[in-house]
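Student: I am new to this structure. Could you walk me through it with short questions and answers?

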Amino acid sequence: MAELISFGEITLDVIAVTSSLMPAESVSILDKVHYSFGGRGANVALFASNQGADSLLLSSAGKDFVSSGYQQQLIDQGVCCDYIFVDKAGETTPKAFVFRDKSKSHTFFYPGVTELMRTEVEEYVRRKADGLEAKILYCTSGLQGLNLFLLENINANLRAYAPGPEINHYSDEELGKLLNAANCLFLNKFEADELRIKLGKSSTDLNKDYNLQFHVVTLGSNGSLIFDGSEEYFLRRCKPARVVDGTGAGDSYAGSFLAEYLRSGSLVEAGRVASVVSSFVVEEFGCQGNIPTKDQVDERLQIYLRGSGK
């Protein structure tokens, strides 16, 4: 039995930076282009494993997942990749294209095999899920029907749901069913605001009405909030050495948080470790561009706890 099962996308990311994103019909000159490994499901599995949890990734990808070296990186980081549907005929791993300047960011997503072979992927996930058990199940796929199926059918003590930035594409009814099937929730500020507007519920009401053990809201450079029943905990950010790119920082937070929560049983300790790990991630391009070692995390955690990591 895996300690953590993460269900969500594997992506090959292209992150492009320009001094100014031009209006439509014009051309933006790019200053930097960075290629990286990503995808919410893969990121969470990797960072949970990085922090000591036995992690399994349930996902789909194309043959470029293997040829790019991405599969090997996950294996090297201790992630079980035996439950990934691979389209061996096409370079169909989903792609995320992120274009940003100093004030704004635009993201475009190509679903690849997830859409091109949707029926096969859905059948594969349902078949492979049969008999799976975990201490923690984390569902963050864009395939909402499969998120719901797994949350309802996989035996797990903690059933986490993370809707991701596509939340504005989901109906109130869809979200309500998923929240009823989960018992904890991970959001960033944009997603939390969207959810509260859609459902008309406060943070306290979310926990109470959907029987959530807790939910977490990451606030970027402003830290994070943990809502535990009617209690609210604020965790300040851990100061990075520099800020280069925030892509996937929330995923690294979630994976690290769950691994530490599994180890210690403390939401606050989990939030502290997650804040420290995510501070490394923003120092380079891409979520997996600066994966810290245990010693690096321990050293920065001590600084953070002393209060000098503000």
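Student: Which residues form a nonpolar patch on the surface, and what is their accessible area together?

Tutor: First, a caution: this is a predicted model, where local features need pLDDT of at least 70, side-chain atom pairs count only at pLDDT 80 or more, and totals for chains, interfaces and linings use all residues. Residues are numbered from 1 along each chain as its sequence is written, and side-chain values use heavy atoms, with hydrogens and water left out. A patch takes residues with over 30% relative accessible area and no salt bridge, joining like charges within 9 Å and nonpolar side chains (Val, Leu, Ile, Met, Phe, Trp, Tyr) within 5 Å. Here the members are Phe97, Phe108, Tyr110 and Leu116, and the area, from the Shrake-Rupley method with a 1.4 Å probe and only the protein chains shown as cover for residues, is about 390 Å².

Student: Is Phe108 buried, exposed or partly exposed?

Tutor: Buried means under 20% relative accessible area, exposed over 50%, and partly exposed in between (1.4 Å probe, protein chains only). Phe108 is found in strand S7; strands (E, at least two residues) and helices (H or I, at least four) are DSSP runs, numbered from the N terminus. Its relative accessibility is 48%, so Phe108 counts as partly exposed.

Student: What is the strand order in the open sheet of 4 strands?

Tutor: Two strands pair if DSSP finds at least two bridges between them. The edge strands, each pairing on one side only, are S3 (32-38) and S7 (105-110). S2 (residues 11-17) pairs with S3 in the antiparallel sense over 7 bridges, and the sheet as a whole has mixed pairing in the order S3-S2-S6-S7.

Student: Which residue in S3 stands opposite Asp13?

Tutor: Look along the antiparallel pair of S2 and S3. The residue opposite Asp13 is Ser36.

Student: What is the order of the open sheet of 9 strands?

Tutor: Its edges are S5 (80-87) and S13, each pairing on one side only. The twist averages 20 degrees from one strand to the next (axes are lines fitted to C-alpha atoms, for helices over the stretch in contact; angles run from 0 to 180 degrees between N-to-C directions). The pairing is mixed, and the order is S5-S4-S1-S8-S9-S10-S11-S12-S13.

Student: Why is S1 described as largely enclosed?

Tutor: S1 joins S8 (residues 133-139) in parallel through 5 bridges. S1 also pairs with S4 (residues 55-62), parallel again, over 4 bridges. The enclosure follows from burial, because the count of buried residues in S1 (residues 2-7) is 5 of the 6.

Student: Which helix lies across S1, S4 and S8?

Tutor: This helix is in contact with the strands (heavy atoms within 4.5 Å). Its direction is about 150 degrees to S4, and its name is H1 (residues 40-50).

Student: Is Asp245 buried or exposed?

Tutor: Asp245 sits in the loop between S13 (231-235) and H10 (249-264). Beyond its neighbours within four places in sequence, its contacts include Ile15, Arg100 and Phe285. With a relative accessible area of 1%, Asp245 is buried.

Student: Which residue forms a salt bridge with Lys95?

Tutor: A salt bridge puts a side-chain nitrogen of Lys or Arg within 4 Å of a carboxyl oxygen of Asp or Glu. For Lys95, the closest N and O atoms are 3.2 Å apart. Lys95 lies in S6 (residues 95-100) and its partner in H2 (residues 64-67), so the pair ties together parts 31 residues apart in sequence. Lys95 is buried at 16%, and the partner, buried at 7%, is Asp64.

Student: What separates Lys177 and Glu173 along their helix?

Tutor: Their side chains meet in a salt bridge, 3.7 Å from N to O. Lys177 is partly exposed at 46%, while Glu173 is exposed at 57%. Being 4 residues apart in H7 (residues 172-181), they are separated by about one helical turn.

Student: How many salt bridges does the structure hold?

Tutor: One of them joins Lys294 to Asp298, at 2.8 Å between the closest N and O atoms. Elsewhere, salt bridges link Glu115, Arg118 and Glu122 in a network. The total is 17.
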